[in-house]
Amino acid sequence: MNLTPISVKFDIGDGRIVTIETGKLARQADGAVTVRLGNAILLATVVANKEPKPGQSFFPLTVDYQEKFASAGRIPGSFFKREGRLSDYEVLISRLIDRALRPLFPDNYLCEVQVLVTLISSDPEVMPDALACLAASAALAVSDVPIQEIISEVRVARIEGKYVINPNRTDLAKADMDFIIGATEKNIMMVEGESKECQEEDLIAAIEAAHAAIRVQVKAQEELRDLKGVKGKREYTLPHQNEELKAKVTAFAKDKIYAVAKSASAKHDRSDAFKKIAEELKESLGELPEEDAPLVGEYFHDLEKEVIRNMILDESVRLDGRALDQVRPLAMETDILPSPHGSALFTRGETQSLTTVTLGTPEDELLIESAATSNYSKFILHYNFPPFSTGEVKMMRGPGRREVGHGNLAMRSLRQMMPGSDYAYTVRVVSDILESNGSSSMATVCAGSLALMDAGVPLPKHVSGVAMGLISRASDGKWAVLTDILGDEDHLGDMDFKVTGTRDGIVGIQMDIKVDGLSMDVMRSALAQAKKGRLHIVEAMYAVVPAARPEPKPHAPRMEKIIIDREFIGAVIGPGGKIIQEIQRETGTTINIEEVGETGEVSIFSSQKESLDKAVAWVKGIVAVPEVGEVYESVVKSIMPYGAFVEFMPGKQGLLHISEVSWKRLETMEGVLSEGEKVKVKLTGTDPKTGKFKLSRKVLMPKPEGYVEREEGDRGERRDRGDRGDRRDRGPRDDRRGGGDRDRGDRRGPRDDRGPRDDRGPRPERQDFPEKPQEPTFDEE
């Protein structure tokens with residue numbers, strides 16, 4: 001058995017080598033390759049049916065990307081301990097591959113094709129999504145499945161001003177532009193990504209850098225195909241055609257379609273009019289052979305597309321009567337729902353989004369897992385597209401791939417303006433599309449920005465979005481860019497180009513090209529027209545909500561984050577969590593503590609501002625360092641004869657000595673202070689030996705009239721004890737005690753001669769002495 005693989009290698013541009021290999025794994029698939037970079041290995045397979053299903057009228061392409069947890073040496077955390085349905089992360093990568101591959105197949109190819117890409121070995125520094133489409137395209141290239149061109153995708157990121165191809169995960173965290181771009185050797189096919197307010201020319205430069213790298217990858221796939229000996233692509237059954245029937249359809253319906261297209265009618269009125277023409281067409285054609293009957297609808301649809309495209313190109317007239325660069329009428333409202341923490345209704349023409357914002361605690365964070373990573377996200381956006389939004393009846397089976405993709409575009413656009421890690425809230429945005437006639441994802445971006453500001457989330461700028469379209473004609477090279485496309489214009493156009501941004505730059509983009517030959521001139525024109533459209537929308541948004549609310553709504557949870565030194569984390573938590581539990585219990589707040597580097601982030605949440613302030617003060621007191629000279633509101637904890645112990649900061653006590661309670665001399669503490677009493681004190685110093693705090697109350701009180709400070713020399717007479725002579729002239733110490741050798745035996749006798757204890761008589765009764773005071777007394781005069 002020969003399992004010797006065929007492989008090619010290429011340099012990704014900075015010494016990192018990519019290896020594409022075929023002939024060893026999955027040999028029964030029509031095409032199978034592995035792509036390796038570092039320790040990351042992806043297996044891609046493609047299988048295509050030989051014949052289309054009877055009555056098949058569209059191209060059934062299925063693309064699935066999946067990461068095996070074993071690739072990173074992990075066991076899935078699910079109950080069944082095995083990989084389940086694709087995660088949103090895997091769905092998004094599947095869409096990246098699908099959108100780039102789909103235009104490669106011939107229009108008349110209707111056989112079912114399944115492309116599977118699997119991560120079988122993971123490298124923590126390699127981003128597999130940038131290699132997935134390369135693997136899928138290579139599997140098609142070494143197969144006999146009919147594709148017209150070879151494609152690849154790369155990630156291009158701008159890091160410290162330089163464009164880097166497929167950067168590693170660590171470097172990507174420092175990027176201010178992050179795009180995945182798919183292209184053939186000649187044409188750009190797909191762009192998706194985000195940036196921190198880049199300019200249009202920055203995007204052009206990124207695309208050009210990516211295209212240069214893609215050409216290298218396409219050449220490597222061609223080399224692998226030739227080494228494998230692929231000579232051509234398989235023959236397939238062409239769908240049945242009837243040119244005579246096509247001519248009849250054109251003759252009957254062309255002028256009628258044009259009349260409806262130019263009437264500038266509403267979506268449903270226009271749809272009903274087209275359906276009526278189609279019914280009249282079928283009646284005029286009468287009974288048709290079984291193989292011709294399905295062609296009527298196909299030819300009518302193609303004719304409708306051709307008539308509308310020519311009308312736009314030749315007359316600059318759109319289906320709803322707008323100019324090519326005109327945005328539909330806008331209507332915006334905020335705070336339209338009483339209970340959500342933020343809400344907005346955004347309507348643009350016949351597209352409408354009702355968006356809500358919910359503020360939660362760190363416990364509400366979303367866990368996002370892949371084979372190599374496990375991260376929590378504090379910003380969540382969900383997009384829902386119910387069937388009634390298009391006037392249809394469909395089963396509700398949860399979000400599909402379209403919803404996941406549209407929601408991701410809106411999420412990554414708004415994320416660029418979200419506050420940083422010092423903002424402790426977990427934020428969930430939900431967009432429910434109530435009407436749809438083009439670009440509901442861009443409506444979600446606009447409604448999301450309005451709702452976030454309505455919720456008091458401190459967005460520095462509004463984010464708006466607009467969807468652009470392209471109509472082109474190969475026969476004469478004529479083209480037109482459309483602003484704010486309708487659903488029909490999206491369907492019949494050659495490009496779907498969504499751009500999001502602020503007043504100052506682009507933050508998100510998603511582009512799919514359906515035709516070859518998109519030049520950079522067309523790209524520049526589309527970007528310039530998109531900028532004009534999104535700025536028009538964003539100015540209207542500022543007119544409704546000029547800035548974020550200064551604070552959340554009254555019924556929203558209050559939050560404050562305190563940054564503390566890491567050494568104080570234990571003090572806030574307390575032994576066994578005693579302190580933090582007490583704070584939460586006494587204040588009714590929720591507290592979350594996270595260690596970040598050399599600091600601790602303490603996030604405090606409460607539905608009541610009073611409770612929040614109390615908890616914040618408590619935590620700040622624990623971590624605060626007492627300052628000499630500061631005045632504190634203290635609480636008397638215990639009364640002693642010599643003073644009172646008071647807690648002047650949480651967890652910090654000091655002695656308020658009896659001499660510092662009042663300017664008046666006090667003989668006792670009885671009746672002066674009581675336990676639990678609040679009293680203001682000033683921290684006057686600390687004991688250099690013990691570190692104990694010295695507190696005074698009297699210094700905060702006015703001095704009594706006529707009070708005279710005691711001077712240092714007032715007690716000098718006590719030291720005048722007469723002429724005691726010079727201590728040096730008093731003789732030797734021993735002479736002063738009787739002189740001579742101090743023989744203890746002379747006085748008490750030898751110890752051994754003292755007899756047994758029992759013979760020495762009873763021990764004298766102990767004399768009672770006055771109790772020694774715990775604190776020295778002061779001679780105050």
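Here are some friendly notes to help you find your way around this structure.

1. **Confidence.** Please keep in mind that this is a predicted model. The chain has a mean pLDDT of 87, with 90% of its residues reaching 70 or more. Two stretches call for care: residues 712-760 have pLDDT below 50, with 14 contacts in the model beyond near neighbours in sequence. Residues 764-781 are also below 50 in pLDDT, and that stretch has 15 such contacts.

2. **The sheet.** A good place to start looking is an open sheet of 6 strands with mixed pairing. Going across, the order is β1-β2-β3-β4-β6-β5. The edges are formed by β1 (6-11) and β5, each of which pairs on one side only. On average, neighbouring strands here are turned by 15° against each other, direction ignored.

3. **The β1 edge.** How do β1 and β2 run relative to each other, parallel or antiparallel? The two strands run antiparallel, and 6 bridges join β1 to β2 (residues 17-22). If you would like one pair to look up, take V8, whose bridge partner in β2 is I20.

4. **Helices across the sheet.** Helix α4 (residues 200-228) lies across β1, β2 and β3 (31-37), and runs at about 160° to β1. Helix α1 (residues 88-101) lies across β5 and β6 (113-121), running at about 140° to β5.

5. **Y65, a residue worth a visit.** Y65 sits in strand β5, which covers residues 61-67. Is Y65 buried or exposed? Its relative accessibility is 0%, and because buried means under 20%, Y65 counts as buried. Leaving aside residues up to four places away in sequence, Y65 touches L42, L86, E90, I93, S94, I97, V117, L119, P128 and A132. The side chain of Y65 also makes a polar contact with the side chain of E67, at 2.7 Å. For a sense of distance, the C-alpha atoms of Y65 and D325 are separated by 38 Å, and the two residues are 260 residues apart along the chain.

6. **Helix α9.** Further along the chain, helix α9 (residues 440-454) has 15 residues. From its first C-alpha to its last, α9 reaches 20 Å, close to the 21 Å expected at 1.5 Å a residue. Why is α9 described as largely enclosed by the rest of the structure? The reason is that 15 of the 15 residues of α9 are buried. After α9 comes G456, which has a positive phi, near 85°.

How values were computed:
Residues are numbered from 1 along each chain as its sequence is written. This is a predicted model: local features need pLDDT of at least 70, side-chain atom pairs count only at pLDDT 80 or more; totals for chains, interfaces and linings use all residues. Side-chain values use heavy atoms; hydrogens and water are left out. Helices (H or I, at least four residues) and strands (E, at least two) are DSSP runs, numbered from the N terminus. Buried means under 20% relative accessible area, exposed over 50%, partly exposed in between (1.4 Å probe, protein chains only). Contact means heavy atoms within 4.5 Å. A polar contact is a pair of N or O atoms within 3.5 Å; within protein, one must be able to donate a hydrogen and the other to accept it, and residues adjacent in sequence count only if both atoms are side-chain atoms. The expected span of a helix is 1.5 Å times one less than its number of residues. Two strands pair if DSSP finds at least two bridges between them. Axes are lines fitted to C-alpha atoms, for helices over the stretch in contact, and angles run from 0 to 180 degrees between N-to-C directions. pLDDT is the predictor's confidence in each residue, from 0 to 100.
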